[in-house]
Amino acid sequence: MSIGLTHYLLLAAMLFAIGMFGVLSKRNIIAVLMGIELMLNAVNINLVAFNRFMPVHDLTGQLMALFAIVVGVAEVAIGIALAFRIYRDRNTINVDELNRMKG
Amino acid sequence: MSELASLVVFCLLAVVILGTALGVVLSNNLVHSALLMTACFIGVGIMYITLEADFLGAVEFMTYSGGVAVLIVMGVMLTHKGEGVPSNPFNGRKIWAAALSGTFIAVMGLVSTFVTSSSQGGFVSEDTVGDLADMMLNSYILPFEIAAVLLLAALLGAIILAKGDEES
């Protein structure tokens with residue numbers, strides 16, 4: 001049995017599901033950010049695997065993964081700065097307590 | 001022989017990536033989560049290298065297991081609540097989240113039975129850095145510039161958010 005596209009897609013789906021579980025079930029805002037990072041990495045594995053196994057003639061998939069990494073890193077920098085700001089203003093980073101806009 | 005070797009390498013990497021990712025979401029200590037996340041990113045980077053994307057593997061090591069891990073550990077340190085408090089608890093929606101993730105895996109497993117891998121295979125570059133640079137500075141020059149603006153905006157935004165405006 002040789003390793004093909006399906007194996008990588010299944011691995012990326014599992015990694016995405018684990019990240020989604022972390023995002024939905026954690027209380028700490030930094031743990032939620034970690035879950036988002038896991039999901040981003042799952043998507044990047046998909047892009048690189050498609051570039052490796054689908055009939056393409058250039059490295060577009062890897063370039064898309066590179067841009068996705070850039071956006072993900074910018075997002076985590078803003079997310080950490082926001083978490084730090086929220087902690088200073090409200091003295092909590094529990095997402096369940098950040099409900100001031102609740103109707 | 002090389003097919004067997006690639007199978008063994010893939011299985012080892014899959015176990016490392018999924019095991020450390022599960023550790024990230026199941027651990028009750030946020031520092032352990034951050035360290036396991038670094039290990040997970042190293043596994044993903046090695047997987048990129050096995051997929052003939054060596055430059056992307058190096059980028060993954062530098063940005064994710066280098067930069068993002070340091071940022072996350074800094075965030076953990078700056079928002080620490082003191083000893084004795086569980087730093088990474090679950091909320092009340094654990095069951096629903098697990099059910100949703102399980103459903104997602106089941107649906108994706110079902111979908112992946114329809115995937116037909118083409119026999120001719122994909123594109124394998126001899127010089128990924130050169131090819132990526134060529135594409136990035138020729139046909140993808142506009143997204144490249146937009147990414148530069150995005151990084152500048154994220155840098156300024158992060159500084160302003162973290163520092164505050166008490167000066168003005």
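Mentor: Before we start, two residues count as in contact if their C-beta atoms, placed from the backbone, lie within 7 Å. Keep in mind that this is a predicted model, where local features need pLDDT of at least 70, side-chain atom pairs count only at pLDDT 80 or more, and totals for chains, interfaces and linings use all residues. Residues are numbered from 1 along each chain as its sequence is written, while chains are lettered from A and ligands numbered from 1 in the order in which they are written.

Trainee: How many residues does each chain put into the contact?

Mentor: Both chains contribute here, and the counts follow that contact rule. Chain B brings 72 residues and chain A brings 64.

Trainee: Which helix gives the largest share of the side of chain A that touches chain B?

Mentor: Helices here are DSSP runs (H or I, at least four residues; strands are E, at least two), numbered from the N terminus. On chain A, α1 (5-25), α2 (29-53) and α3 (60-90) each supply at least two residues of the side touching chain B. The largest share, 20 residues, comes from α3(A).

Trainee: And by class, how many residues on that side of chain A are nonpolar?

Mentor: Ala, Val, Leu, Ile, Met, Phe, Trp, Tyr, Cys and Pro count as nonpolar, Asp, Glu, Lys and Arg as charged, and the others, Gly among them, as polar. The side of chain A that touches chain B has seven charged and twelve polar residues, and its nonpolar count is 45.

Trainee: Let's look at Val59(B): is it buried or exposed?

Mentor: Val59(B) sits in helix α3 (residues 54-78) of chain B. It touches Leu66(A) and Ile69(A), leaving out residues up to four places away in sequence. The cut-offs are 20 or more other C-beta atoms within 10 Å for buried, 12 or fewer for exposed, and in between for partly exposed, with C-beta atoms placed from the backbone. Val59(B) has 21 such neighbours, so it is buried.

Trainee: What is phi of Glu52(B) near?

Mentor: Glu52(B) is in the loop between α2 (30-50) and α3 of chain B, and it is partly exposed because 19 other C-beta atoms lie within 10 Å. Most residues other than glycine have a negative phi. Glu52(B) is not glycine, yet its phi is positive, near 65°.

Trainee: How far apart are the centres of domain 1 and domain 2 of chain B?

Mentor: The bounds come from an automatic or database domain assignment, which gives domain 1 (1-85) and domain 2 (127-168) in chain B. Taken over C-alpha atoms, their centres are separated by 24 Å.
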